[in-house]
Amino acid sequence: MYAIIESCGRQYKVTEGDVVFFEKLDVEEGKKVTFDNVVLVSDDKKVEVGAPYVKGVKVEGKVVSHGKAKKILVYKYKAKKNYRRTQGHRQPYTKVEITSIKTASAKAEDKAATETKTASAKPVTKKSAV
């Protein structure tokens, strides 16, 4: 199963267990992050495309770390004018590990599974006929 999510003005293709580098998110390390803007969800059997987003689908992840990318150099230059400027830039990023992709059908299955567990865990009491 994979999903295409929209975050930070870009679209990312993610599956469970992927490690994705997003532009800096305002979330602390070790905390969970939820992406609600899911554009497309696909499992082995069917593909759901949103208009613009798929309803009832969430992608959850865990923030692994924050950091900065490699430095890039930006040159400004004007010919024959003795004008040259060099500037460096390091883009901050957030490293996120995708933990789960939850769809509406998966939520219904989880709910049904917990109901059967709780139903089987309840003790059966017999009423005595007096």
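# Talking through the strands and salt bridges

Modeller: Let's start with a pair of side chains in this predicted model: Glu60 and Lys102 meet in a salt bridge, with 3.7 Å from N to O.

Colleague: What makes the contact between Glu60 and Lys102 a salt bridge?

Modeller: The cut-off is a Lys or Arg side-chain nitrogen within 4 Å of a carboxyl oxygen of Asp or Glu. For Glu60 and Lys102 the N to O value is 3.7 Å, so the pair qualifies under the 4 Å limit. Glu60 belongs to strand β7 and Lys102 to strand β10, so this pair ties together parts that are 42 residues apart in sequence.

Colleague: How many salt bridges does a search of the whole structure find?

Modeller: It finds 3. One of them joins the side chains of Glu23 and Arg10, at 3.6 Å from N to O. Since Glu23 lies in strand β3 and Arg10 in strand β2, the pair ties together parts that are 13 residues apart in sequence. Lys46 and Glu48 also meet in a salt bridge, at 3.9 Å from N to O. As a general point, side chains of opposite charge can pair when their charged atoms come close.

Colleague: Why is Arg10 called partly exposed?

Modeller: Buried is under 20% relative accessible area and exposed is over 50%, with partly exposed in between. Arg10 has 47% relative accessibility, so it counts as partly exposed. Its partner Glu23, at 29%, counts as partly exposed too. Glu48 is partly exposed at 30%, and Lys102 is partly exposed at 33%.

Colleague: And Ser42, is that buried or exposed?

Modeller: Ser42 has a relative accessible area of 7%, so it is buried; the cut-off for that word is under 20%. Ser42 is found in strand β5, residues 38-42. Leaving aside residues up to four places away in sequence, Ser42 touches Met1, Tyr2 and Val47.

Colleague: Which side chains of strand β1 point to the buried face?

Modeller: Along β1, residues 2-7, the side chains alternate. Ala3, Ile5 and Ser7 point to one face and are buried, whereas Tyr2, Ile4 and Glu6 point to the other and are not.

Colleague: How do you know that β1 and β2 pair?

Modeller: Pairing calls for at least two bridges between the strands. β1 and β2 (residues 10-15) have 6 bridges and run in the antiparallel sense, so they pass that cut-off. Within this pairing, Lys13 of β2 is the bridge partner of Ile4. The two strands form a hairpin with 2 residues between them.

Colleague: What joins β1 to β5?

Modeller: 4 bridges, and the strands run antiparallel. Ala3 stands opposite Val41 in β5, and Ile4 stands opposite Leu40 in β5.

Colleague: What is the strand order in the open sheet, and which strands stand at the edges?

Modeller: The 4 strands are in the order β2-β1-β5-β6, with antiparallel pairing. β2 and β6 stand at the edges: each has a single partner strand, so one side of each is left without a neighbour in the sheet. From one strand to the next, the twist averages 15 degrees.

Colleague: Which residues have the most contacts inside the largest nonpolar core?

Modeller: They are Ile5, Val14, Phe22, Phe35, Val59 and Val96, in a core of 18 residues. The elements giving two or more residues to this core are β1, β2, β3, β4, β5, β7 and β10. β10 supplies the largest share, 3 residues. Val14 touches Tyr2, Ala3, Ile5, Val20, Val59, Ile98 and Ile101, not counting residues up to four places away in sequence. In soluble globular proteins, nonpolar side chains tend to be buried together.

Colleague: Which backbone angles should I look at in the loops?

Modeller: Cys8, in the loop between β1 and β2, has a positive phi of about 60 degrees although it is not a glycine. Asn82 lies in the loop between β8 and β9, and its phi is near 55 degrees, again a positive value in a residue other than glycine. Their accessibility labels can be read off too: Cys8 is partly exposed at 29%, while Asn82 counts as exposed at 70% relative accessibility.

Colleague: Where is the cis peptide bond?

Modeller: It joins Ala51 and Pro52, with omega at about 0 degrees. Pro52 is found in the loop between β6 and β7.

Terms used
Residues are numbered from 1 along each chain as its sequence is written. This is a predicted model: local features need pLDDT of at least 70, side-chain atom pairs count only at pLDDT 80 or more; totals for chains, interfaces and linings use all residues. Side-chain values use heavy atoms; hydrogens and water are left out. Buried means under 20% relative accessible area, exposed over 50%, partly exposed in between (1.4 Å probe, protein chains only). Contact means heavy atoms within 4.5 Å. A nonpolar core is a set of buried Ala, Val, Leu, Ile, Met, Phe, Trp, Tyr and Cys residues joined through side-chain atoms within 4.5 Å. Axes are lines fitted to C-alpha atoms, for helices over the stretch in contact, and angles run from 0 to 180 degrees between N-to-C directions.
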